[in-house]
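Visitor: I am new to this structure and should be grateful for a close look at one part of it. Would you please take the salt bridge as the starting point and then explain what surrounds the subject?

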Amino acid sequence: MAFKYRPDQIDCGWAWVIVAASFFAHFICFGISWTTGIYHVIFLEEFKASQAVTAWACSLMPASMFAAGPVASLLLNKLGCRVTMVIGGLTSSSGLILSYFAPNIIVLYLTFGVIAGFGFGVAHLAAISSVTYYFERRRNMATGMAVMGVGVGTIAFPPFIRILVEDFTWKGSMLILAGLCLNLCVCAGLIRPIKRPELRSVSRNVMDTSIFRKPCYWMACLNSFMVCVGLSITYIHIAAYAENCGLGKEKSTLLISGIGFANVFGRLAMGLLAQHPKMNLILLYLVSFIIAGVAVTLTPIARTWDGLIAVAAVFGCFTAGIGTLFAPILARILGLRRFATGYGCLALINGFGQMIGGPLAGLLHDMTGNYLGSFLTGGISLVLSSIFMIVPLRYKDVALNTGVSIRVKCGPSSAASPLTAPVVTDIDEDDNIGKESEENTSTV
């Protein structure tokens, strides 16, 4: 049963319970899928395959997580956040259980990579959408708090997985993680369905193709694709690179946890900065990924513990924008009614970025015998991703933190500064749901 929308439900009360549930969902989903670099080292030792072949198993999990987006958005629009997250929890748990019986690396492609990753993707979309629906004025802060679960998971899971593997073997660790994934169903139980006026036409129009007529949406897709290529390369290969530098298993594991610590700080800081009414969200977002990209390109010359932990800290902190800032920016581009569909389709594109990043870096390593080309590719991808956000930056009501939760009609900013421009809201988002006028072609 969906609770009837009341303005006093938004930004307060049970909405903060939704943030807590989303936090723990992100903690589990990303804590496992973004620390697959630990399993990458383990699978290299277990199956004796090449870097490129082994990287597919770990790369397919985050790739499938994002590629699940279109299916997840359909489930979300039809079944709501609660049921969708339950489906995700059961699917991810099933994939990890099946991984226990995997006789070779190829089977792990399907069980560990595709099935478990798909479940995480379904649960993740439900988690981030629930926060978006329950917040307006404090959405940036709430999103930042919820996605801090990504950073905390990245801190906690590498040493946790290493301990599980040492005590129960890598197969036993799969069963324990599968049980942990069932807690996504508990998180789902905390999400109260809510009916908002902006969402009342979703059940009649599950797949809204109008999102593909927005140039800002396409630029966001290209940006996110390049970001995922860079993230995949770094998360999967940095632990193996650290061991190659002679740091050992313990320090290579702590390196990924270091990324997580910095990521938590970055998400909190960016969430707070994004709340400032004069903060240009897109400018903050694109500058952060330029800095992160430069850090990744410097990885090959950082062969000591101090150098690598510094790279990990900068990378973790400045890639926090993908979770904290991107969802509010996308909600501003598409509006709440189109958010789930747009986020789901964009996630499919992200999946391709995650899928090719890790194996491409592994192939470059196999061809050259070192990680120079791998990390240069990852760093350049992150820097180039910022270029695509220049187009949305020109639209003042998308870039400016106005606190508006519905789709905006705007053209490129003129004499007014994007930091001081007045709010322009799309009145027909509430009054004429589902009706697109001919003059609406200028929407971002």
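Guide: What follows begins with the salt bridge and then turns to the cysteines, a buried serine and a surface patch. Please bear in mind that this is a predicted model.

A search of the whole structure finds 1 salt bridge. Its partners are Lys 249 and Glu 45, whose closest N and O atoms are 3.4 Å apart; this pair qualifies because the cut-off for a salt bridge is 4 Å. Lys 249 belongs to helix H9, which covers residues 248-274, while Glu 45 belongs to helix H2, residues 36-47, so the pair ties together parts that are 204 residues apart in sequence. How accessible are the two partners? Lys 249 counts as partly exposed, with 39% relative accessibility, and Glu 45 is likewise partly exposed, at 37%.

One may next ask about links of another kind. A disulfide is a covalent bond between the sulfur atoms of two cysteines. The structure holds 0 disulfides. Cys 29 serves as an illustration: the closest cysteine sulfur to its own is that of Cys 181, at 7.3 Å, which is too far for a bond, since a disulfide requires the two sulfur atoms to lie within 2.5 Å. Cys 29 is buried, its relative accessibility being 0%. Cys 317 also counts as buried, with a relative accessible area of 14%, because the limit for that term is under 20%.

A further residue of the interior is Ser 129, which is found in helix H5, residues 105-134. Its relative accessible area is 0%, so Ser 129 is buried. A polar atom of the Ser 129 side chain lies 2.8 Å from the backbone oxygen of Leu 125. Leaving aside residues up to four places away in sequence, Ser 129 touches Leu 76, Cys 81 and Phe 339.

The surface offers a contrasting subject. There, Leu 372, Leu 376, Ile 380, Leu 384, Ile 387 and Ile 390 form a nonpolar patch, and together these residues have about 500 Å² of accessible area. Helix H15, which covers residues 372-387, supplies the largest share of the patch, with 5 residues. Ile 387 is placed in helix H15. With 49% relative accessibility, Ile 387 counts as partly exposed, because the term exposed is kept for values over 50%.

To return to the point of departure, the salt bridge joins Lys 249 to Glu 45, and both the lysine and the glutamate are partly exposed.

Conventions
Residues numbered from 1 in each chain as written. Predicted model: local features only at pLDDT ≥ 70, side-chain atom pairs only at ≥ 80, totals over all residues. Heavy atoms only, no water. Patch = residues over 30% accessible without salt bridge, like charges linked within 9 Å, V, L, I, M, F, W, Y side chains within 5 Å. Areas by Shrake-Rupley, 256 points an atom, 1.4 Å probe, with all protein chains shown as cover. Salt bridge = Lys/Arg side-chain N within 4 Å of Asp/Glu carboxyl O. Helix = DSSP H or I, 4+ residues; strand = E, 2+ residues; numbered from the N terminus. Buried < 20%, exposed > 50% of the residue type's maximum accessible area, 1.4 Å probe, protein only. Polar contact = N/O pair within 3.5 Å; in protein donor to acceptor, adjacent residues only side chain to side chain. Contact = heavy atoms within 4.5 Å.
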